[in-house]
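Got the viewer open? Let's take a walk through this model, one selection after another.

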Amino acid sequence: MQYVSAIVPPLVMAIGFGFLVRAIIRSQGGAQKGKEDAAAEAMARSAAAAPTE
């Protein structure tokens, strides 16, 4: 029965990781996609325009 207790934690982590990836993929796009894209572009522009010393 040691093999069962050895395989359970990695199996639980793999299943949890699968659900996390699924949630991330499903949250892409949607009604707020334009707003998110515009905010990301604005942040990138402001970071590029910031003076470096």
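Which residue forms a salt bridge with glutamate 41? Select arginine 45: that is the partner, with the closest N and O atoms 3.6 Å apart. Keep in mind as you click around that this is a predicted model. The pair fits a general idea: side chains of opposite charge can pair when their charged atoms come close. Don't go hunting for others, as the structure holds one salt bridge.

**Stop 1: around the salt bridge**

Colour residues 33-49 and you have helix 2, where both glutamate 41 and arginine 45 lie. They sit four residues apart, about one turn of the helix. Now turn on the surface. Glutamate 41 counts as partly exposed because its relative accessibility is 47%, while arginine 45 has 55% and so counts as exposed.

**Stop 2: two alanines in the same stretch**

Stay in helix 2 and pick alanine 38. With 43% relative accessibility, alanine 38 counts as partly exposed. Next, select alanine 42, also found in helix 2. Alanine 42 comes in at 37% relative accessibility, so partly exposed again.

Use the distance tool here. From the C-alpha of alanine 38 to that of glutamine 2, you should get 53 Å, for residues 36 apart along the chain. Then try alanine 42 to valine 8: these are 34 residues apart in the chain, and their C-alpha atoms are separated by 45 Å.

**Stop 3: the nonpolar patch**

Which residues make the nonpolar surface patch? Select Met1, Tyr3, Val4, Ile7, Val8, Leu11, Val12, Ile15 and Phe19 together; the patch they make covers about 950 Å². Zoom in on phenylalanine 19, which is found in helix 1, residues 2-26. Is phenylalanine 19 buried or exposed? Exposed, because its relative accessible area is 53%.

**Stop 4: zoom out**

Show the whole chain as a cartoon. You'll see two helices and zero strands. The radius of gyration is 20 Å, well over the 10 Å that the globule rule gives for 53 residues, so the chain is more spread out than a compact globule. Along the principal axes, the C-alpha atoms fill a box of roughly 60 × 35 × 5 Å.

How much of the chain counts as buried? Of the 53 residues, 0%. Switch to a full surface view: the chain exposes about 4900 Å², and carbon and sulfur atoms supply 69% of that.

**Last stop: charges**

Colour by charge to finish. The chain has 5 positive and 4 negative side chains, including the glutamate 41 and arginine 45 you started with, joined in their salt bridge. Where are the centres of the two sets relative to each other? They lie 14 Å apart.

Definitions and conventions:
Residues numbered from 1 in each chain as written. Predicted model: local features only at pLDDT ≥ 70, side-chain atom pairs only at ≥ 80, totals over all residues. Heavy atoms only, no water. Patch = residues over 30% accessible without salt bridge, like charges linked within 9 Å, V, L, I, M, F, W, Y side chains within 5 Å. Areas by Shrake-Rupley, 256 points an atom, 1.4 Å probe, with all protein chains shown as cover. Salt bridge = Lys/Arg side-chain N within 4 Å of Asp/Glu carboxyl O. Buried < 20%, exposed > 50% of the residue type's maximum accessible area, 1.4 Å probe, protein only. Rg over C-alpha atoms; globule rule 2.2 N^0.38 Å. Lys, Arg positive; Asp, Glu negative; His and termini not counted. Charge placed at Lys NZ, Arg CZ, Asp CG, Glu CD.
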